[in-house]
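Dear colleague,

I am handing over the structure below, with the sequence alongside it. My notes on what was found follow directly after it.

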Amino acid sequence: MVDQLLREEVVSARRVVVKVGSSSLTTAAGGLDADRVDALVDALAKLRRRSDAPEVVLVSSGAIAAGLAPLGLEKRPKDLARQQAAASVGQGLLVARYTASFARYGVRVGQVLLTAEDASRRAHYRNAYRTLEQLLTMGAMPVVNENDTVATAEIKFGDNDRLAALVAHLVRADLLVLLSDVDGLYDGDPAKPGTSRIAVVNGPEDLAGVEIGSAGKAGVGTGGMVTKVEAARIATGAGIPVVLTAASQAADALAGRPTGTLFRRTGSRSADRLLWLEHASSPRGSLTLDDGAVAAVVHGGKSLLPAGVTRVEGEFAAGDPVDLLGENGHIVARGLVNFDARELPRLLGRSTRELAQELGAAYEREVVHRDDLVVLRG
């Protein structure tokens, strides 16, 4: 049977990331719905009371939506400044609501705000992991959200579905649960007759020909079914199964009952942060590589040296993500660059030994180290 009485991937999970969308926590006009928040907290608290209770990390949208009504905004603003203002007001309200709701069960809440930049840089990635790990060790409930008050368009995750998939990878979760206002993935528009819920997705081939909607019902969030399926693709590719269901069915989903859609893992677990570099970073520029450098980076697992770079584009600083291109202009990799854009032109095509002799030992290093590089196409 495809649907067992209980889903083994769920009941055996020792660490779970649960993501809830704005539309499941707020009214369409903006403002938190206390009853909806309490219902979600009740489900998570019930999970924690199990004798074999897994650790739980909550990724929660809702900050911008919660700030709309208090600021007199009738709908989510399109400009970044007012979105950030709404997030500033709403994030405090959101965490205060969670704090009060979890307090009914004697559970402390710890707020963790992330930007994409926080996770693609090595030191920031380690710090984020340590913070979340310590909160779990101390029995607190980490509540993670994107830091919308400071994140610019260039450093945003784009939606909290993708953030949740990446947080699941960061904390080495065994399961990701995506809660929405839709009770699963359908083979067409669920509002139309004749469509049915897809119970299990074993891989991308199961989605061939499936119509995937792009908008949520309530209009207060940024996600939709497209972002949820993409989040599932990221997580399952990193060895983490995903359950997608309605927030109203959270308790059943977390208990392992066959509700919603189960996406089975398609890849193996990875402990490094390169998944973040691939999916959460926005390149600040690009470097064009000669054919030898492309072969070394893509197929040889080598670092990128100055001798293999033929062209520099963009304005970036050391430590920023950049795309690595072949001579045909196709992106082959992404990495964190070790030099500023203004420094690189005089280094191109030259060996590190030559550069060290002329400019000093600080220049005897890679343009992009292989530990800070992810191959995108090979």
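Among the contacts in the chain with a separation of 6 or more, 73% are between residues 24 or more positions apart. Please keep in mind that this is a predicted model. The chain is made up of 378 residues, of which 51% are buried, and its secondary structure includes 12 helices and 13 strands. About 16,500 Å² of the chain is exposed, with carbon and sulfur atoms supplying 50% of that area.

The rest of my notes concern helix 7, which spans residues 160-170, and its packing against helix 8, residues 225-237. The axes of the two helices lie 8 Å apart and meet at an angle of about 15 degrees; because angles under 35 degrees count as roughly parallel, helix 7 is described as roughly parallel to helix 8. Their crossing is right-handed. On the side of helix 7 the contact is made by D161, R162, A165 and L166, while helix 8 contributes T227, K228, A231, I234 and A235. By character, these contact residues divide into 5 nonpolar, 1 polar and 3 charged.

Helix 7 is also largely enclosed by the rest of the structure, since 10 of its 11 residues are buried. The buried residues include D161, A165 and L166, each of which also takes part in the contact with helix 8, and the list further contains N160, L163, A164, V167, A168, H169 and L170. After helix 7 comes R172, which has a positive phi, near 60 degrees.

With best regards

Terms used: Residues are numbered from 1 along each chain as its sequence is written. This is a predicted model: local features need pLDDT of at least 70, side-chain atom pairs count only at pLDDT 80 or more; totals for chains, interfaces and linings use all residues. Side-chain values use heavy atoms; hydrogens and water are left out. Helices (H or I, at least four residues) and strands (E, at least two) are DSSP runs, numbered from the N terminus. Buried means under 20% relative accessible area, exposed over 50%, partly exposed in between (1.4 Å probe, protein chains only). Contact means heavy atoms within 4.5 Å. Accessible areas come from the Shrake-Rupley method with a 1.4 Å probe; for residues, only the protein chains shown count as cover. Axes are lines fitted to C-alpha atoms, for helices over the stretch in contact, and angles run from 0 to 180 degrees between N-to-C directions. Angles under 35 degrees count as roughly parallel, over 145 as roughly antiparallel, 65 to 115 as roughly perpendicular and the rest as oblique. A crossing is left-handed if the near helix is turned anticlockwise from the far one by less than a right angle, and right-handed if clockwise. Ala, Val, Leu, Ile, Met, Phe, Trp, Tyr, Cys and Pro count as nonpolar, Asp, Glu, Lys and Arg as charged, and the others, Gly among them, as polar.
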